[in-house]
Amino acid sequence: MKKDLMRGLVLILLGSLILFLAVAAFHTQRRAQAQLEGQLLEAGEYLARGWESGLEIKDLSVALYESSQLPNLNLIILKEDGEVVLRLPDQANAYKERSREEFRRAFAGEDRFFIRRFEQSHNSKLYYTLFVPSKSSAIRLGVEPAFPWQEFWPLLLYACLFTLLSLGLCHIWVGRKTKAYIASLEGLREAMADLGQGNYAVQVSEITGAPFNEVQALSVEFNQASKLLEERHEYGLQRMARLSTILNTIIDPLLLVDKDKNLLYSNSQALYVFGRNLDPEDKSYPQILLTHSEELDDLIDQSMSTGEDLDTILSLTTIKGDLRYKTLISPIFVDGAAYGVVVALHDLTVEEESAAFRRDFVANVTHELKTPLTSIRGFVETLRDNPKVSPEQAQRFYDIIDVEAERLEHLINDILSLSEAEQGKIKNISRFDLSELIDEVIVLLDDQASDKKVSVYTEDSLPECLPVEAEADRIKQILINLIDNAIKYNKEGGKVSVTAYRLNPQKVKIVVKDNGPGISPEAQKRIFERFYRVDTGRSRSLGGTGLGLSIVKHIAQLYGGEASVESEPGHGACFTVTMNI
């Protein structure tokens with residue numbers, strides 16, 4: 001760019017120099033010719049006046065010729081009849097001179113005039129001719145005007161020096177301007193590179209002043225375009241953030257797969273369910289690496305090839321094991337071409353388990369209610385249909401009916417307690433002493449323990465005072481269920497120890513330990529399930545409903561804790577409950 005500008009400026013300056021020199025030469029020559037004409041005029045007048053005054057023309061002419069500084073002076077005095085009076089230097093032909101234009105015009109009546117022409121030597125000649133009427137003669141003075149180099153050389157020198165100085169100044173000016181120009185354009189280039197890399201907030205300094213007027217609009221438009229792109233990018237990010245938030249709040253896995261079956265997007269639930277940490281938005285990868293399902297891969301192919309939605313049920317491997325999903329696959333088309341599919345997965349496992357649980361729960365409740373009701377109804381019918389039943393027999397029947405009715409009451413109360421615990425309802429929170437409540441429950445169950453010849457005691461680790469904040473009735477229910485079970489299912493003469501202590505300022509641990517027959521590993525996995533009994537016949541005979549430990553588990557969960565058991569067959573069992581109280 002700099003070279004091009006300098007080349008143009010050099011050409012302009014050289015052209016200007018040539019034009020200036022041509023004009024200067026023309027005016028210099030014109031001025032020199034005017035001076036020469038004045039000298040010729042003065043010399044001619046001098047000769048004419050001297051000749052008319054009676055002086056010898058030859059002497060005047062020789063004296064003038066010898067003393068004159070006129071270049072290549074020649075002088076001719078010619079009579080009207082063509083006779084040459086005088087010629088200096090003497091080289092002319094009289095006849096030939098008489099025929100020349102200047103003499104013809106002089107003898108025709110023109111007094112004085114200048115004529116310039118080229119002779120055979122191709123040299124320019126300037127002639128001054130004047131007619132002397134008293135002598136009937138014409139005097140012609142001629143010179144060879146030469147170019148006045150002595151006057152022109154200084155102009156030429158000054159013009160060249162001025163041109164060189166101008167070139168130097170132009171070089172400096174062009175260097176500075178092009179440097180600033182290039183720096184501005186480089187700033188634009190770097191800004192465009194940043195823009196291409198996603199830095200939409202980039203701005204450039206507005207380029208103003210000569211010679212930047214032409215690109216000033218470019219910098220302004222670039223800044224406007226950059227700002228517009230930034231606004232649109234920010235708007236797009238906000239929309240994407242909102243969409244991502246919405247998609248990530250969906251509890252069902254959601255996938256976006258392209259036509260090559262590469263995963264383009266998956267919500268957080270999908271990554272969690274399939275145990276994958278790599279976000280496909282950071283690096284795309286085949287969807288089969290996420291779901292490990294060839295069947296889903298085939299269904300995606302089918303949906304893209306047919307262009308139809310697919311709705312089916314698949315069994316997929318997840319971090320929770322094999323789960324059943326209702327799978328909806330919808331193809332996406334862009335400009336009529338298949339772009340990919342959206343895969344939505346709805347977990348049916350919980351629904352199916354809930355349905356199975358409801359069926360089992362209804363069956364269990366029905367069975368548990370049917371047994372005492374059948375017994376009550378049978379004894380009532382016996383008493384009603386057989387009026388001859390003895391009073392002793394009738395009393396025994398009444399006692400059985402009372403026991404079965406009490407069993408029904410326990411069952412219904414346990415079902416209500418379990419329902420409240422599952423609903424997460426916490427009410428009547430108060431501050432009380434857990435150590436005191438443990439002592440109260442042990443006293444409450446003392447008769448039952450005495451009948452079974454089981455000793456119930458607190459360990460030394462139980463603090464004298466253990467203040468907690470919770471619903472006292474529910475904590476009491478936990479203690480009653482655990483200690484009651486430890487007494488019921490213990491051996492005769494067995495022991496039950498109870499303790500509680502703080503694990504940290506928020507968490508309390510309750511431990512109930514017995515030395516009974518223990519629980520098998522298989523039963524330990526299910527012992528907190530509703531209506532589960534290790535020994536069904538024995539449990540019913542002891543008045544158990546099968547809901548006590550399930551109630552314990554749900555109350556513990558209600559307070560952000562858990563219930564667990566450790567047991568070895570033949571060596572008793574240890575039930576532990578932790579709660580944030």
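This briefing covers the sheets, salt bridges and selected residue environments of the structure above. The model is predicted. One open sheet has 6 strands with antiparallel pairing, and another open sheet has 5 strands with mixed pairing. The salt bridges number 15, and a nonpolar patch on the surface includes Tyr158.

**Six-stranded sheet**

- The strand order in this open sheet is S8-S7-S6-S11-S10-S9.
- Strand S8 (285-286) and strand S9 (310-318) each have a single partner strand, so each of these edge strands has one side without a neighbour in the sheet.
- Strands S10 (residues 321-334) and S11 (residues 337-347) run antiparallel and are joined by 10 bridges.
- Tyr325 has Asp347, in S11, as its bridge partner.

**Five-stranded sheet**

- Here the order of the strands is S13-S15-S16-S18-S17, and the sheet is open.
- The edges are formed by strand S13 (455-458) and strand S17 (562-567); each pairs with a single strand, so one side of each is left without a neighbour in the sheet.
- On average, neighbouring strands of this sheet are turned by 15° against each other, direction ignored.
- Between strand S15 (residues 495-502) and strand S16 (residues 507-514) there are 7 bridges, and the two strands run antiparallel.
- Tyr501 has Lys509, in S16, as its bridge partner.

**Salt bridges**

- Side chains of opposite charge can pair when their charged atoms come close.
- Arg105 and Glu110 form a salt bridge through their side chains, with an N to O distance of 2.8 Å. Arg105 has a relative accessible area of 25% and is partly exposed; Glu110 is also partly exposed, at 33% relative accessibility.
- Asp301 and Lys261 form a salt bridge, again through their side chains, at 2.8 Å from N to O. This pair links distant parts of the chain, 40 residues apart: Asp301 belongs to helix H9 (residues 294-306), while Lys261 sits in the loop between strand S6 (254-258) and strand S7 (262-266). Asp301 is partly exposed, with a relative accessibility of 32%.
- In the salt bridge between Glu440 and Lys476, the closest N and O atoms are 3.1 Å apart. Glu440 is in helix H12 (residues 434-444) and Lys476 is in helix H14 (residues 472-488), so the salt bridge ties together parts 36 residues apart in sequence. Both residues are classed as partly exposed, Glu440 at 40% relative accessibility and Lys476 at 22%.
- A network of salt bridges links Glu45, Arg49 and Arg112.

**Buried arginine**

- Arg140 is part of strand S5 (residues 137-143).
- Its relative accessibility is 2%, so Arg140 counts as buried, the cut-off being under 20%.
- The side chains of Arg140 and Glu102 make a polar contact at 2.4 Å.

**Nonpolar residues at the surface**

- Leu157, Tyr158, Leu161 and Leu164 make up a nonpolar surface patch, and their accessible area together is about 460 Å².
- Tyr158 is located in helix H5 (residues 149-196). With a relative accessible area of 56%, Tyr158 is exposed, because the cut-off for that class is over 50%.
- Leu373, in helix H10 (residues 349-385), is partly exposed at 46% relative accessibility.
- Leu373 and Leu408 are 35 residues apart along the chain, and their C-alpha atoms are separated by 8.0 Å.

Note on methods: Residues numbered from 1 in each chain as written. Predicted model: local features only at pLDDT ≥ 70, side-chain atom pairs only at ≥ 80, totals over all residues. Heavy atoms only, no water. Pairing = 2+ DSSP bridges. Helix = DSSP H or I, 4+ residues; strand = E, 2+ residues; numbered from the N terminus. Patch = residues over 30% accessible without salt bridge, like charges linked within 9 Å, V, L, I, M, F, W, Y side chains within 5 Å. Areas by Shrake-Rupley, 256 points an atom, 1.4 Å probe, with all protein chains shown as cover. Salt bridge = Lys/Arg side-chain N within 4 Å of Asp/Glu carboxyl O. Buried < 20%, exposed > 50% of the residue type's maximum accessible area, 1.4 Å probe, protein only. Polar contact = N/O pair within 3.5 Å; in protein donor to acceptor, adjacent residues only side chain to side chain. Axes fitted to C-alpha atoms, helices over the stretch in contact; angles between N-to-C directions.
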